[in-house]
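This short report looks at how helices and nonpolar residues pack against one another. Please keep the sequence and the structure in view while reading.

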Amino acid sequence: MPTSRWKTASAQVVSSRRRGPVLERAILDSALEQLSTVGWNGLTMEGVAAGAQTGKAAVYRRWPSKEDLVIHALQAGLPKLDEVPDCGSVREDLLQLCRQMRAAMTSRPGYALLAVLHECDTATAERFHEVIVEGVIEPSVELIQQVMRRGIERGEVRSGATDKYVCDVIPAMMMYQSKVCGSEWPDQEFADLIDQVMVPLLRP
């Protein structure tokens with residue numbers, strides 16, 4: 001008995017339907033795209049589902065709320081900061097590290113994170129605290145500490161400069177300027193931060 005056109009088309013749809021990790025990745029990508037275009041307040045589960053070309057039931061089965069979805073999307077999508085620059089001097093290492101941090105913050109997940117920081121109320125923002133600390137702050141501080149330790153060994157940096165408060169200065173300034181002042185951190189601002197704040201602070 002010949003197969004009808006309807007059955008053939010239906011079989012093609014079923015065979016191409018995304019499932020498991022492939023569908024999950026599409027949903028997370030759609031959530032990041034929504035955040036970077038319409039922002040936190042404009043993001044809806046229905047919009048995410050439409051962007052992923054799936055039904056909203058598929059989204060709700062995995063994430064019961066948009067907060068849960070966005071947390072997972074940010075955790076999965078934020079660029080990894082794990083490469084320590086070695087340019088021959090602490091000043092140049094810190095400048096290069098600042099550029100790496102800027103690249104992460106201006107990536108699509110980075111913009112999504114900024115949308116959350118700008119638009120969330122205090123209660124909702126608390127849910128993202130761990131994501132921000134583990135995904136952005138702690139990796140940045142660890143890289144800065146490695147640069148400091150290398151600078152101490154070369155005699156460029158005073159002992160004790162691996163102190164947490166010293167290593168918090170650059171991430172804290174970048175987060176503050178981005179969130180409060182809307183700075184996009186051109187290279188000259190990085191140079192000013194390093195030359196006017198970090199170099200005097202680190203000098204033996």
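## The nonpolar core

The largest nonpolar core, a set of buried Ala, Val, Leu, Ile, Met, Phe, Trp, Tyr and Cys residues joined through side-chain atoms within 4.5 Å, has 61 residues, where buried means under 20% relative accessible area with a 1.4 Å probe and protein chains only. Those with the most contacts inside the core are Leu-69, Leu-74, Leu-94, Phe-128, Ile-170, Met-198 and Leu-202. Leaving aside residues up to four places away in sequence, Ile-170 touches Leu-94, Cys-98, Met-101, Ile-144, Leu-193, Ile-194 and Met-198, contact being heavy atoms within 4.5 Å.

This is a predicted model, in which local features need pLDDT of at least 70 and side-chain atom pairs count only at pLDDT 80 or more, while totals for chains, interfaces and linings use all residues. Residues are numbered from 1 along each chain as its sequence is written, and side-chain values use heavy atoms, with hydrogens and water left out.

## Helices α6 and α11

Helix α6 (residues 90-105) packs against helix α11 (residues 187-202) at an angle of about 135°, and their axes are 10 Å apart. The two helices are therefore oblique to each other, a word for angles that are not under 35 degrees, over 145 or from 65 to 115. On the α6 side the contact includes Leu-94 and Cys-98, and on the α11 side it includes Ile-194, Met-198 and Leu-202.

## Helices α7 and α10

The axes of helix α7 (residues 108-119) and helix α10 (residues 164-180) come within 10 Å and cross at roughly 70°, which makes α7 roughly perpendicular to α10. Their contact is made by Leu-114, Leu-117 and His-118 of α7 together with Met-175, Ser-178 and Lys-179 of α10.

Notes:
Axes fitted to C-alpha atoms, helices over the stretch in contact; angles between N-to-C directions. Helix = DSSP H or I, 4+ residues; strand = E, 2+ residues; numbered from the N terminus. Buried < 20%, exposed > 50% of the residue type's maximum accessible area, 1.4 Å probe, protein only.
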